[in-house]
Amino acid sequence: MKNLIVANWKLNPTTQKEAKSLFEKIKKGVSRIKNAEVIICPPFVYLPLFKGLTLGAQNCFFGEKGAFTGEISASILKDLKIEYVIIGHSERREYFGETDEVVNKKIKKVLQTGLKVIFCIGETAEERDAGKKTEVLERQLREGLKGITKEEIKKIVVAYEPVWAIGTGNNCSVDETMSSVLFIRKVISTIYNRGIADNTRILYGGSVKSDNSGSYIKNAGANGLLVGGASLNAEEFNKIVKSAE
Ligand code: PGA
């Protein structure tokens, strides 16, 4: 199983020129990487501009087509040869009101359309402080994966992103990440089975930088990383990819 390094550009950069330049620098930098898989998730409108690396979208709608102003379907993404869709990112949950039920509908639609899912879960600071971390992770997993079959789960990568660690510079410790990754595997094994749990890729995300990235892969049992801020700097991102080889 190759480690997976996902660049989540979020709402950046502002111009096509900057987007193309960032993409080309990353592409060049990772061209000799053999043992890690890189996925770039830019804003929707930049997706058709890029060739040569695996692409993912940051979101999509659960409906197929019709009167849904402003939405993008999984089928549109498939037609553009996009392979992955990030679903359930905490910013979608927080700013766009996405519930576990909506996340579940989106996951189902993406899988039915033949794309793969990067399924984000993670507790907030309040939930962690209240001792509810595992309860929240288990709920997000069970609700998000409701009705997803043993075959379908193979097309899902789970990203553990503690909300308090995202964009704060306050990355989760290796020990705490390790215990969360183990817990996530345990829940997946009770929903499916041990074999499936062992083969599911679990990423860590939240203030990943090149000076902490390698430790999540080497010491926390993560199978890759979801990188936000640091993916906007090609040099830094390429170092992160290298650390995952
Ligand atoms: P960050 O974001 O690396 O900027 O903390 C990670 C994410 O939200 O996916």
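**A ligand pocket and an enclosed strand**

In this predicted model, an oxygen atom of the ligand sits 2.7 Å from an N or O atom in the side chain of Glu161. Two further approaches of this kind involve the protein backbone. A polar backbone atom of Gly228 is 2.8 Å from an oxygen atom of the ligand, and a polar backbone atom of Gly229 likewise lies 2.8 Å from an oxygen atom of the ligand. Taken on its own, the ligand has 280 Å² of accessible area, and the protein covers 95% of it.

A wider look at the surroundings of the ligand helps to place these contacts. The ligand is surrounded by 13 residues. Glu161 belongs to the closest of them, together with Lys10, His89, Gly167 and Ser207. Sorted by class, this shell is made up of seven polar, four nonpolar and two charged residues.

A good place to turn next is strand E1, which spans residues 3-8. Is this strand open to its surroundings or enclosed by them? Six of its six residues are buried, so E1 is largely enclosed by the rest of the structure. The cover extends to both faces of the strand. On one side, Asn3, Ile5 and Ala7 are buried; on the other, the buried residues are Leu4, Val6 and Asn8.

The pairing of E1 with other strands adds to this picture. Strand E2, residues 36-41, runs parallel to E1 and is joined to it by six bridges. Within this pairing, Asn8 of E1 has Cys41 of E2 as its bridge partner. To get from E1 to E2, the chain passes through helix H1, residues 16-29, in a β-α-β crossover that is right-handed. E1 also pairs with strand E8, residues 224-227, again in the parallel sense and over four bridges. Here Ile5, one of the buried residues of E1, stands opposite Leu225 in E8.

Finally, helix H10, residues 234-243, offers a small detail for a reader exploring the model. Ser243 is part of this helix. Is Ser243 buried or exposed? Its relative accessibility is 18%, and because buried means under 20%, Ser243 counts as buried. The side chain of Ser243 also takes part in a polar contact of 2.7 Å with the side chain of Ser213.

Technical notes
Residues are numbered from 1 along each chain as its sequence is written. This is a predicted model: local features need pLDDT of at least 70, side-chain atom pairs count only at pLDDT 80 or more; totals for chains, interfaces and linings use all residues. Side-chain values use heavy atoms; hydrogens and water are left out. Buried means under 20% relative accessible area, exposed over 50%, partly exposed in between (1.4 Å probe, protein chains only). Helices (H or I, at least four residues) and strands (E, at least two) are DSSP runs, numbered from the N terminus. Two strands pair if DSSP finds at least two bridges between them. A crossover is right-handed if, with the strands pointing away from the viewer, the path from the first strand over the helix to the second runs clockwise. A residue is near a molecule or strand if one of its heavy atoms lies within 4 Å of it. A polar contact is a pair of N or O atoms within 3.5 Å; within protein, one must be able to donate a hydrogen and the other to accept it, and residues adjacent in sequence count only if both atoms are side-chain atoms. Accessible areas come from the Shrake-Rupley method with a 1.4 Å probe; for residues, only the protein chains shown count as cover. Ala, Val, Leu, Ile, Met, Phe, Trp, Tyr, Cys and Pro count as nonpolar, Asp, Glu, Lys and Arg as charged, and the others, Gly among them, as polar.
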